[in-house]
Amino acid sequence: FKDPKHGEFTLPDDSPAFKVGFKRFDYSKAGVFGDDAWKKLAADYNHPVRPMAPPKPAPVPVKINDDFESPRSTPVKKAALHDEGKNLIRISTDKPFAGEKCLEVNDSPEMKAAYNPHLFFTPNYTSGTAVSTFALRVQKNSHTHIEWRDDSSPYKTGPSIHIDGGKLTASNVPLLDFPLDRWVNFEITAKVGEAADGSWNLTLIFADGAKKTFEKLPPVSKDWRNLNWVGWCNLGQSGENTSFFIDNLVIDNQ
């Protein structure tokens with residue numbers, strides 16, 4: 001339409017509607033035609049009052065607890081996966097943190113989008129404290145990105161972690177050197193909804209038992225409040241195959 005925001009619903013001359021045979025007409029003359037009795041019948045008809053559809057219900061909060069040991073038809077329970085059909089997000093037996101299996105996210109130089117492969121969950125937490133714990137192992141040249149978002153448009157970003165070249169940054173703040181090919185336990189927490197205080201916390205436990213805690217880190221978006229989306233992706237751009245691994249993944253709301 002020419003200008004629907006201001007009530008102008010006529011078609012511009014270059015509208016694709018004309019290519020499929022649409023003909024202009026004077027919509028002001030649309031209606032019932034015929035003798036007076038016929039037009040009166042239409043004018044006197046009582047249209048039934050139809051109730052408005054109820055509002056869309058709020059998304060149901062989802063909790064995740066996956067050690068990747070159980071047989072399954074897809075690599076991750078209740079997650080959306082994007083690896084362009086190349087089987088890059090998969091169950092692996094390569095040095096799991098615990099048990100016999102873990103999750104591998106492998107990056108291929110053939111990927112069309114830099115953010116693929118990635119996996120994400122939609123926990124939909126809007127109150128309390130959101131918590132995610134997991135074990136992570138990264139290989140050389142992998143660029144691991146972990147991010148929390150809300151569902152606004154454009155979305156607002158809360159906690160954001162990058163591990164690239166052996167360096168870990170959180171919400172664009174450099175924090176520490178990150179060990180390659182060794183398991184590190186993560187705990188990410190943040191108050192959400194009305195309790196959100198504009199900060200989040202990160203705790204890391206290394207293979208030797210050393211522990212590092214970083215409190216009151218800033219979210220990327222100052223007005224981020226809800227956890228509707230949490231994702232992991234491999235942004236590696238080295239031109240070679242490289243992976244990161246996840247084990248004992250928990251996403252919960254307290």
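**Getting to know the sheet**

Colleague: Phe25 lies in the segment before helix H1 (36–43). Is Phe25 buried or exposed?

Modeller: First, a friendly note: this is a predicted model, where local features need pLDDT of at least 70, side-chain atom pairs count only at pLDDT 80 or more, and totals for chains, interfaces and linings use all residues. Residues are numbered from 1 along each chain as its sequence is written, and side-chain values use heavy atoms, leaving out hydrogens and water. Buried means under 20% relative accessible area, exposed over 50% and partly exposed in between (1.4 Å probe, protein chains only). Because its relative accessibility is 54%, Phe25 counts as exposed.

Colleague: Which strands are at the edges of the open sheet?

Modeller: Helices (H or I, at least four residues) and strands (E, at least two) are DSSP runs, numbered from the N terminus, and two strands pair if DSSP finds at least two bridges between them. Seven strands lie in the order S2-S5-S14-S7-S8-S9-S10, with antiparallel pairing. Those pairing on one side only are S2 (80–82) and S10 (173–177).

Colleague: Which residues of S5 (residues 118–121) point the other way from His118 and Phe120?

Modeller: In a regular strand, side chains alternate between the two faces of the sheet. His118 and Phe120 share one direction, and all four residues are buried. Pointing the other way are Leu119 and Phe121.

Colleague: What is the bridge partner of Phe120 in S14?

Modeller: S5 and S14 (residues 229–234) run antiparallel, joined by four bridges. On the S14 side, Phe120 is partnered by Gly231.

Colleague: Which residue in S8 stands opposite Glu147?

Modeller: S7 (residues 143–149) pairs with S8 (residues 157–164) in the antiparallel sense over six bridges. Opposite Glu147 stands Ser160.
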